[in-house]
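This report concerns the internal spaces of a protein model and one of its helices. Please consult the sequence and the structure shown here while reading.

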Amino acid sequence: MGWLIGFTGAIVVSAAAYWKRSLSLSGMIAATLMGTIYFGAGNVFWFGILLLFFITSSLFSKLKADRKSESEKSYAKSGTRDAGQVMANGGLGMAACVGNALWPDSGWVLFFIGVMASVTADTWATEWGSLSRKPPRSILNGKPITAGTSGGVSLLGSLAALGGAVIIGGAGWLLAQWAGLAADVGKPVLLWIVIGGLSGFAGAMIDSYLGATVQSMYRCTVCGRSVEAVRHCNEATVPLRGFTWLNNDMVNMISSLAAGGIALALGKWLFGVV
């Protein structure tokens with residue numbers, strides 16, 4: 001029954017997102033599969049956190065989209081998420097969900113909170129940071145850079161990142177009570193907020209650092225901008241720096257993996273959760 005409920009909920013949400021152009025067809029298929037596994041192998045805790053990330057991120061991506069259109073031209077992909085983006089943001093969480101189903105342990109829960117707090121923080125930072133009236137600054141040297149350039153941070157984006165991470169931590173506590181996971185973790189809401197907030201924010205900053213250093217970047221031969229896309233201004237771009245295999249999706253996965261590890265460390269060494 002859980003698998004059927006998961007599939008029904010996932011197909012309804014992903015189909016609505018496809019209709020609203022928040023997901024491509026491949027993204028809708030991947031999201032449906034992912035949501036089904038999150039609920040079938042897990043429960044309302046896992047599925048609820050995924051849903052919170054997905055709905056808020058989709059809504060924020062449409063917020064003042066006209067103001068974001070220029071900076072989004074620098075990205076490798078648009079706001080319509082494909083299967084690669086869906087897996088980059090939810091794949092590690094899905095692995096944690098399956099891992100917990102096979103080998104139940106509170107460590108999976110903590111890792112999952114860190115992962116989802118990171119992808120939420122990073123997405124919120126991107127969507128809100130692109131609305132900042134001040135240009136972003138390089139995470140490496142603090143110098144102003146062009147909006148949409150990887151490795152840029154802003155006050156508005158950083159606050160959004162922290163807010164998204166904290167929300168995931170707090171929602172995790174609430175859903176854990178609902179799903180009966182409190183006995184496994186057994187800590188108050190403030191602990192969840194601290195773990196979610198710190199690990200998620202750290203993950204977002206790691207994402208920005210990787211974006212500024214080793215992520216594959218290209219130079220537009222027309223306007224000269226540094227971009228993630230292989231085409232810009234209707235012309236092919238040329239390699240600028242970074243590893244060609246390390247695109248934005250890979251950076252998202254690596255930074256969220258690091259955030260999951262940070263959440264585990266916080267839970268074990270600082271608070272004695274696991």
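Which residues lie nearest the centre of the largest cavity? In this predicted model, they are Ala31, Met34, Leu50, Phe54 and Val86, and the lining comprises 18 residues. The space in the largest cavity amounts to about 210 Å³. A search of the whole structure finds 3 cavities of 30 Å³ or more. Two or more residues of the lining of the largest cavity are given by each of H1, helix H2 (25-42), H3 and H5.

The second largest pocket is lined by Val13, Ala16, Ala17, Lys20, Ser22, Phe54, Ile55, Ser58, Leu59 and Lys62. Helix H1 (2-19) and helix H3 (44-61) are the elements that give two or more residues to this lining. Phe54 is named both among the residues nearest the centre of the largest cavity and in the lining of the second largest pocket.

The table sets out the two spaces by volume, main contributor and residue class.

| Space | Volume | Largest share of lining | Lining by class |
|---|---|---|---|
| Largest cavity | about 210 Å³ | H3, 5 residues | 11 nonpolar, 6 polar, 1 charged |
| Second largest pocket | about 170 Å³ | H3, 4 residues | 6 nonpolar, 2 polar, 2 charged |

Helix H5, one of the elements lining the largest cavity, spans residues 83-102 and bends by about 50° at glycine 90. At the start of H5, the backbone nitrogen of glycine 84 has a side-chain oxygen of aspartate 82 within 3.1 Å.

Conventions
Residues numbered from 1 in each chain as written. Predicted model: local features only at pLDDT ≥ 70, side-chain atom pairs only at ≥ 80, totals over all residues. Heavy atoms only, no water. Bend = angle between axes of the 7 residues up to and from the residue. Polar contact = N/O pair within 3.5 Å; in protein donor to acceptor, adjacent residues only side chain to side chain. 1 Å grid on protein atoms, 1.4 Å probe; cavity = no way out; pocket = protein on both sides within 12 Å on 5 of 7 lines; lining within 4 Å. Points joined across faces, edges and corners; volume = space filled by probe spheres on them. Nonpolar A, V, L, I, M, F, W, Y, C, P; charged D, E, K, R; others polar.
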